[in-house]
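Colleague: Please take one part of this structure and go through it slowly with me, explaining each term when it first comes up. I would like to follow a few side chains and see where they sit in the chain.

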Amino acid sequence: MVLLKEKLKEIETESIKKEVKVGIIGAGYVGLVTAAGLAYKGYHVLVVEKDKEKLKKIKQGICPFYEPDLQRYLLEGIESGRLSFRENISELVSECRYIFVCVGTPIKDDSTYDMYYLDIVAKEIANNLKNNFKVIIIRSTVPPGTGRWFKKAILRYRRGLTASFEVVSMPEFLREGNAIYDFFNPSRIIIGSDNYDIGKEVSELYSDFGAPILIVSLEEAEIIKLASNAFLAMRISFINSIANLSEVFDSNIENIRLGIGLDPRIGTEFLKAGIGFGGSCLPKDLSALISVFNNYQINPILFEAVKIINDERIDIFINKIKKALWNIKNKILTVWGVSFKANTDDIRESPALKIIPKLVQEGAFINVYDPKGLHNFQNYVQKNYPNFSNSIKLIENIYESTVNSSAILITNDWDEYKRVNYYNIYELMETPIIIDGRNILNPLEMKEIGFEYYSIGNNIR
Ligand code: UDX
């Protein structure tokens, strides 16, 4: 009887889903994953994207960036007919009750968020609101107060005309490279709204995700997002500071991490020492949080320290390289890893982007290998360092990248680096030295093969 009831409930939920239309504005990481994921879950999803080239690719089921499994879900959504595209926001607003705003909020030179795209969206939504009630869900990462501003902006653009809508803040916590997994297995669903009933209604969209749902105020949701990323960044800078101490005492940071992390109040996750955090979120959101604190005359010293420690990682790594090699001028150095971490082609704020130019400036020749990031890196070098083209060689084969090399520098953490045959690589290099900025290889194994192996927070050679 209970089982039958559950089944009936499931059937009811499925049929409700088929009638619900969800609009997505902006097909970047967040927008596209949300669109493909919700379509897979059974909703009708309509997507608007301003970048015509990008949209053309997406319509053909081609993902404009590398994200494991996303393309498969995208194609499935398109083929099922549940994922479709609209030319402009007005069509989307008229058809959908739920409108997810997923446009970019890049950071400006003064480290504050650029609200330009959000403002445009507010205007376009305002111009197209009719009598039907709309729920506008902001998923872009924003400073606290944005949801309220967004509401106000819509009302202003309406110039006194009535409008029936509510704004909800629903931060996302997707990790690049794991975005599909994270979408279907969220740690929590945070819904910020002034109107509890609307918050509850939005939570229904996610009722079968098996995650705790927390309905809070608009600003609380916005703060939760920034605070979560700042906390993660803080953990990384924390362990990196301890790694500096570990090196002084010829210790192994992995043992220390385990020893700290076995306390259930601390845990071992997000405590991996290395050359620092990069990516499109942690560095940007940390800087923006510092600006928010300054803006409200609150002391941001904790977050400033996290940032300073992270920035220092680059020079610490460069010094390690120099110390190991004695001289780097006219030497070939192999860099494995230009994306900011494994399983993504995203090179934004990647430590390698800061390390490679410094090495070139000191006269080194760099062979670069990355399983997915080479294309983006090539564009980056052409744009920012056109004079370096003779010093930087992009190589698509991991073994070839080590030929005559004086050292391998590991700057991100793709699994492929663990699987290569190091006996072969040992033969190919001029001097067999590895400087592992992500602590992904086994020091003893490397030593046994004959490598001089250096890593972070370990002084065991
Ligand atoms: C992050 C948050 O994890 C995610 O919840 C949020 O939605 C977006 O920002 P992402 O930028 O994809 O996700 O990367 P993440 O996996 O968090 O890693 C960030 C950086 O920290 C990477 O450069 C990674 O190499 C580094 N890192 C991570 C460490 O140095 N040590 C660790 O223990 C973990």
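**A lysine and its surroundings**

Modeller: K151 counts as buried, with a relative accessibility of 18%, where buried stands for under 20% relative accessible area, exposed for over 50%, and partly exposed for what lies in between, with a 1.4 Å probe and protein chains only. Before going further, please keep in mind that this is a predicted model, in which local features need pLDDT of at least 70 and side-chain atom pairs count only at pLDDT 80 or more, while totals for chains, interfaces and linings use all residues. Residues are numbered from 1 along each chain as its sequence is written, and side-chain values use heavy atoms, with hydrogens and water left out.

The side chain of K151 forms a salt bridge with that of D194, at 3.0 Å from N to O; the term covers a side-chain nitrogen of Lys or Arg within 4 Å of a carboxyl oxygen of Asp or Glu. This pair links distant parts of the chain, since K151 belongs to helix α7 (residues 146-158) and D194 to the loop between β7 and α9, 43 residues apart. Such names come from DSSP runs numbered from the N terminus, with helices being H or I over at least four residues and strands being E over at least two. Unlike the buried K151, D194 is partly exposed, at 39% relative accessibility. The two residues also take part in a network of salt bridges, whose other members are R148, E166 and E219.

Let us now move from the loop that holds D194 to the strands on this stretch of the chain. Strand β7 (residues 189-193) runs parallel to strand β8 (residues 213-216), and 4 bridges join them, where two strands are said to pair if DSSP finds at least two bridges between them. Within this pair, G192 has V216 of β8 opposite it. Between the two strands the chain passes through helix α9 (residues 196-205), and this β-α-β crossover is right-handed. To check the handedness yourself, turn the model until the strands point away from you: the crossover is right-handed if the path from the first strand over the helix to the second runs clockwise. As general background, strands of a sheet pair through backbone hydrogen bonds, either parallel or antiparallel.

A second salt bridge sits further along this stretch. D208 pairs with K41, their closest N and O atoms being 3.9 Å apart. Here too distant parts of the chain are linked: D208 lies in the loop between α9 and β8, whereas K41 lies in the loop between α2 (29-40) and β2 (44-48), and 167 residues separate them. D208 is partly exposed, its relative accessible area being 36%, while K41 is buried, at 18%.

For the wider setting, the count of salt bridges found by this rule is 23. One that lies outside our chosen part joins R265 and D263, whose side chains meet at 2.9 Å from N to O. There R265 is exposed, with 75% relative accessibility, and D263 is partly exposed, with 22%. To retrace the route, begin at K151 in α7, step across to D194 in the loop between β7 and α9, follow α9 over to β8, and look on the way at D208 in the loop between α9 and β8.
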